[in-house]
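Reader: I am in my first year and still learning to read models of this kind. Could you take me slowly through one part, the place where two chains meet, and then through what lies around it?

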Amino acid sequence: MKLSDALARLAYAQVVGPAALRVVRVQSEWQARGEVGRSPHLASALKVAPRCKEMIARHWLEGRYAAGVRKVAWVTSGAPVEFLTALGYFLVYPENHAAICGTARVAVDLCQVAEAAGYSRDLCSYVRTDLGSLYSGRTPVGRLPRPDLLVACTNICQTVLFWYRVLADHFRVPLVIVDTPFVYSEQATDHALQYAGAQIDEAIAVAEHVAGRTLRERTYEAVALRSRRATELWLEIMQQNGHIPAPISAFDQFVLMAPIVEMRGQAQTIDFYAAMLDEVDARIRTGVAAVPGERFRVLWDNLPIWYRLRAVAEMLAERGIAVVASTYTNAWGELAPYLDPEAPRESMIRAYTYPILNRGSGHKLRTMQRMIEDYHLDGVILHSDRSCKPYSLGQMDQRDHLAGDLRRPALLLEADHNDSRCYTDEQAANRLAAFAEMMEARA
Amino acid sequence: VAAGPEIAARHEVMSRHRQQGGQIAAVLPVYAPRALLRAYGFLPVEVWGPPGIPLAGGASHLQPYVCSIVRNALSFLLSGGLDATDIVLVPHACDSLQGLGSILLDFVKPRQPVLTLYLPRHGGGSAGTYLAAELQRLAGELQAISGRAPGPSELLAHVTAEEEADGLLAQLHSARRALPLGNVDFFRLTRSREYLPLEPFMRSARQALALHQESPFGGKALLISGVVPEPMQLLQALDERGARIVTDDLLCGLRRLCPPGRSRDPFVRLAESWQSGPPDSTRGSSLEARREYLLRLVETSGAQAVVFHLVKFCEPELFYMPSLRKALLERGIPSVVIEVDLNDELSQQSITRLDALLEMIP
């Protein structure tokens with residue numbers, strides 16, 4: 001690359017682009033002042049939302065110009081990333097990218113590209129979205145940087161293993177697999193933890209080799225500390241929803257969770273969530289409710305329906321139903337106690353072995369039961385997500401237990417997190433209306 | 001085509017084993033250490049579905065987008081189909097089997113103890129150490145249930161005996177072209193390894209090998225890849241058309257035929273053996289490894305076309321399809337994908353596609 005080209009790219013990535021994004025953010029914040037609400041049944045968007053949007057847009061902007069400047073790693077959402085951040089990698093989360101495509105409603109077009117290449121419609125729609133983007137070059141984020149390294153951790157599903165095999169075959173770059181044996185009982189076995197630890201050590205060695213530098217313990221600890229602080233803040237924000245009425249909804253959390261997933265070891269993430277916590281606290285002090293006139297409080301299980309976030313939120317809010325908690329957003333907060341900055345290696349092993357998706361259906365039911373108590377919930381919506389078997393299997397029994405033992409209305413809502421062809425508004429509206437009636441009857 | 005050796009039916013074998021004081025293990029796909037189960041007095045009986053059973057039970061626990069092997073297995077268990085078994089072993093081969101194991105343990109809680117086995121997806125040395133320890137953990141559970149405590153040498157004897165049986169199975173596959181058995185008979189024989197005790201299986205295998213003919217099969221030769229050759233109509237249809245499956249890349253077949261390990265420690269030896277098995281989707285093998293393996297199989301077997309026989313919603317298999325088919329296409333080897341639900345008859349459309357494939361073979 002010529003020096004002039006490099007300087008031009010640097011100027012765009014570091015000066016022009018960020019300045020343009022700041023203008024967009026200021027405009028959004030200005031417009032938000034006069035906003036009455038997204039709908040008469042929902043509170044205004046959080047004031048920090050444009051800041052989050054700016055952070056994410058800057059992240060993708062930087063990614064656009066990262067190739068050749070920084071080493072790039074594509075990682076799964078549950079992968080241990082603190083060592084990668086400490087080694088200076090730019091991180092790309094294909095799952096987050098797919099979710100952006102879902103909210104931008106371009107996922108189906110991209111899925112069809114992957115399907116034309118032979119990938120079955122029965123495969124996860126995140127995978128099909130991203131492969132479609134890869135094969136067509138189309139993406140709402142401008143351009144994805146080519147990876148130097150791929151890191152897949154099986155703690156969320158086996159799907160990522162196959163997905164990253166396809167990516168490794170396409171890009172011809174090293175693939176690191178961190179295989180975390182599924183925890184059927186309460187505790188992982190010692191040999192499973194040792195196995196996970198050995199793989200994290202191997203992953204660090206490969207990442208060092210690709211990066212051409214050695215991991216410095218102090219940097220690693222500092223990143224782990226920031227990860228823990230950000231995770232704690234995220235958990236604290238969600239816990240504020242124990243307040244009645246809830247200051248924010250799970251839909252707000254879905255929109256604002258991107259930094260905790262893809263930037264959790266960074267200082268700006270801590271600043272952002274500290275500001276978000278302040279705003280949530282202010283809402284509680286001033287009596288702002290996510291759903292004005294909140295009548296019922298419910299739990300959302302599984303990934304959101306990205307392409308109908310707003311529609312579902314409004315549909316429920318019209319009936320006075322506030323979705324105040326979610327097992328999905330909670331997953332990025334509940335591991336905070338495991339993260340110990342003074343023992344990053346040991347704590348990472350546990351933190352990355354114990355995500356909700358790497359544990360049994362009974363554990364998830366107990367998590368839901370605890371959340372029902374903590375958040376004073378009246379019912380549960382279980383999104384039966386065709387594209388996420390590990391999250392969805394067990395939901396039918398969980399629903400029966402919630403409705404039976406806990407006497408909470410529990411709805412199984414059939415959909416798909418990214419493929420809108422598996423969702424119909426009418427059917428969802430009918431199901432949600434029936435659910436609302438069950439809540440009314442119980443009240 | 002000659003008649004294959006007589007093979008006892010599954011229920012007869014089970015009831016005979018029980019009469020002799022043995023216990024029975026229902027074993028779900030894909031890989032389970034038969035040697036360990038036998039060492040603790042269990043007859044391993046594999047449960048690949050079974051096909052064609054009422055789904056009411058499973059449908060109240062599992063969504064319709066779960067594969068029929070898992071749905072049928074749960075329905076079968078709930079309808080009493082596994083009542084004659086004493087334990088249920090659910091190895092971890094995919095997200096659906098993971099979910100089944102978890103649901104059985106946490107919600108269904110059948111009368112039989114449910115045991116699990118996590119097989120590593122990482123290819124490195126740490127995986128071998130982990131697997132040996134995981135097998136040892138499983139052995140501890142088997143010991144607690146059975147009350148038996150075989151020592152290391154007894155365990156090793158069981159491991160080597162299984163290796164010998166696998167050796168015979170490998171010979172059957174190698175001699176496939178020279179064996180005058182139709183597709184249905186051949187698979188009935190090789191799949192009897194899924195439930196027969198060692199001796200009867202080895203006896204049947206030797207009987208079949210004795211049928212070896214000097215002039216090998218010269219008709220249309222196919223390779224079958226995928227999960228399990230059910231429903232059997234597929235094999236019947238091929239028999240009726242004079243086509244022969246000369247080798248397989250099936251999850252229930254050659255893909256889990258692993259070479260013997262070398263260690264004298266039975267657990268390490270089992271782990272070594274499993275780790276050196278052929279590339280496989282449920283292990284998360286690389287695309288390249290699977291492509292090369294499949295192309296080599298085609299070449300060494302003389303197969304002229306490939307039938308991918310998939311069970312609907314089988315995610316591990318589906319991920320590899322585009323790459324495998326492309327590699328075959330580049331070599332000029334025709335292939336077809338037939339997706340089935342274990343409860344459905346083989347569709348006329350599938351038969352038409354098979355016919356089209358056979359017509360492409362000179």
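Reader: How many residues of chain B are in contact with how many residues of chain A?

Author: This is a predicted model, and in it 50 residues of chain B are in contact with 52 residues of chain A. The area buried between chain B and chain A is about 4,300 Å², and carbon and sulfur atoms give 62% of that area. On the side of chain B, the residues that lose the most area to chain A are Tyr65(B), Phe107(B) and Phe319(B), which together make up 19% of what that side buries.

The charged and polar pairs across the interface come next. The rule finds three salt bridges between chain B and chain A, and a salt bridge joins the side chains of Asp122(A) and Lys312(B), with N and O 2.7 Å apart. Between chain B and chain A there are also 21 residue pairs in polar contact, counted where both residues have pLDDT 80 or more. The elements of chain B that give two or more residues to the side touching chain A are helix H5 (95-108), strand S4 (114-118), helix H6 (125-146), helix H12 (287-301) and helix H13 (315-330). Of these, H5(B) gives the most, with 11 residues. Sorted by kind, the residues on the side of chain B that touches chain A are 22 nonpolar, 17 polar and 11 charged.

From chain A, one residue to follow is Phe162(A), which lies in helix H7 of chain A. Phe162(A) has a relative accessible area of 2%, and because buried means under 20%, Phe162(A) counts as buried. Leaving aside its neighbours within four places in sequence, Phe162(A) is in contact with Ser281(B), Gly284(B), Pro316(B), Phe319(B) and Tyr320(B). Phe319(B) was named above among the residues of chain B that lose the most area to chain A.

Another part of chain A to look at closely is helix H6, residues 125-136. At 1.5 Å a residue, the 12 residues of H6(A) should span 16 Å, and the C-alpha atoms at its ends are indeed 16 Å apart, so the expected and the computed spans agree. H6(A) is mostly covered, with nine of its 12 residues buried; among them are Tyr126(A), Val127(A), Arg128(A) and Leu131(A). The buried residues of H6(A) pack against helix H4 (94-103), helix H5 (107-116), helix H7 (159-171) and helix H14 (327-330) of chain A, together with H13 of chain B. After H6(A) comes Gly137(A), whose phi is positive, near 75°.

Arg128(A) also takes part in a salt bridge, with Asp419(A) as its partner and the closest N and O atoms 3.0 Å apart. Since Arg128(A) lies in helix H6 of chain A and Asp419(A) in the loop between strand S8 (410-415) and helix H19 (425-442) of chain A, the pair ties together parts that are 291 residues apart in sequence. Arg128(A) is buried, at 1% relative accessibility, and Asp419(A) is buried too, at 0%.

A further salt bridge in chain A joins Arg345(A) and Asp201(A), with the closest N and O atoms 2.8 Å apart. Because Arg345(A) lies in helix H15 (residues 344-353) and Asp201(A) in helix H8 (residues 190-211) of chain A, this pair ties together parts that are 144 residues apart in sequence. Here Arg345(A) is partly exposed, with a relative accessible area of 30%, and Asp201(A) is partly exposed as well, at 33%. In the salt bridge between Arg310(A) and Glu314(A), the closest N and O atoms are 3.2 Å apart, and both residues lie in helix H13 (residues 309-317) of chain A, four residues apart, about one turn of the helix. In chain B, salt bridges that share partners join Arg34(B), Glu46(B), Arg191(B), Glu194(B), Glu230(B) and Arg256(B) into one network. Over all chains, the count comes to 46 salt bridges by this rule.

A last residue to visit is Ser301(B), which lies in helix H12 of chain B. Ser301(B) is buried, with a relative accessible area of 11%, and its side chain reaches the backbone nitrogen of Ala303(B) at 3.2 Å. Leaving aside neighbours within four places in sequence, Ser301(B) is in contact with Arg177(B), Val246(B) and Thr247(B).

Key:
Residues numbered from 1 in each chain as written. Chains lettered and ligands numbered in written order. Predicted model: local features only at pLDDT ≥ 70, side-chain atom pairs only at ≥ 80, totals over all residues. Heavy atoms only, no water. Contact = heavy atoms within 4.5 Å. Buried area = accessible area lost by both parts, 1.4 Å probe. Salt bridge = Lys/Arg side-chain N within 4 Å of Asp/Glu carboxyl O. Polar contact = N/O pair within 3.5 Å; in protein donor to acceptor, adjacent residues only side chain to side chain. Nonpolar A, V, L, I, M, F, W, Y, C, P; charged D, E, K, R; others polar. Expected span 1.5 Å × (residues − 1). Buried < 20%, exposed > 50% of the residue type's maximum accessible area, 1.4 Å probe, protein only.
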